[in-house]
Amino acid sequence: MPQHLSPQSEVDAASANALDVSRRTLVPKGSCWYCEKPVGDIRRFCGKACATAFEEEKEFHQAAIAQQDPGRK
Ligand SMILES: [Zn+2]
């Protein structure tokens with residue numbers, strides 16, 4: 001079991017309420033994971049809207065793959 005190490009807790013705290021654990025597995029890459037807008041070294045999204053949209057889109061794709069039924073949302 002991994003230790004709970006969260007040096008970026010200040011960043012996560014702002015929008016953690018609406019986001020699940022899966023988002024925290026993303027590695028900060030210097031730009032928004034959703035719209036590629038440049039962000040700081042420790043941020044993954046430029047804003048909560050992109051984080052939420054990324055999660056929704058990912059879940060949609062996962063559901064589509066699992067069910068082979070991309071016509072439904
Ligand atoms: Zn963005």
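## A walk around two helices and a loop

Start with the whole protein chain of this predicted model: among contacts between residues at least 6 apart in sequence, 23% join residues at least 24 apart. Colour by secondary structure next, and you'll find two helices and zero strands. Now try colouring by burial: of the 73 residues in the chain, buried ones make up 7%.

**Stop one: helix H2.** Select 48–67, which is H2. Does its length agree with what its residue count predicts, or disagree? Put a distance between the C-alpha atoms at its two ends and you should read 28 Å. With 20 residues at 1.5 Å a residue, the expected span is also 28 Å, so the two agree.

While you're here, click on Glu-55, which sits in helix H2. Glu-55 has 17 other C-beta atoms within 10 Å, so it counts as partly exposed; the buried class begins at 20. Then draw a line from Glu-55 to Tyr-34: they are 21 residues apart along the chain, and their C-alpha atoms are separated by 9.3 Å.

Step off the end of the helix and you land on Gln-68, which follows H2 and has a positive phi, near 55°.

**Stop two: the loop.** Go back to the stretch between helix H1 (9–13) and helix H2 (48–67). Three residues here are worth a click.

Take Glu-36, in the loop between H1 and H2. What is the sign of phi at Glu-36? Positive, at about 70°, and this residue is not a glycine. Most residues other than glycine have a negative phi. As for surroundings, Glu-36 has 12 C-beta neighbours inside 10 Å and therefore counts as exposed.

Move along to Ile-42, also in the loop between H1 and H2. Is Ile-42 buried or exposed? Exposed, because it has 12 C-beta neighbours inside 10 Å, and 12 or fewer puts a residue in that class. Now pick Ser-31 as a partner: Ile-42 and Ser-31 are 11 residues apart along the chain, with 9.5 Å between their C-alpha atoms.

Finish on Arg-43, again in the loop between the two helices. Arg-43 counts as partly exposed because it has 19 C-beta neighbours inside 10 Å, while a buried residue needs 20 or more. For a last distance, join the C-alpha atoms of Arg-43 and Leu-26: the separation is 9.8 Å, for residues 17 apart along the chain.

Key:
Residues numbered from 1 in each chain as written. Predicted model: local features only at pLDDT ≥ 70, side-chain atom pairs only at ≥ 80, totals over all residues. Helix = DSSP H or I, 4+ residues; strand = E, 2+ residues; numbered from the N terminus. Contact = placed C-beta atoms within 7 Å. Expected span 1.5 Å × (residues − 1).
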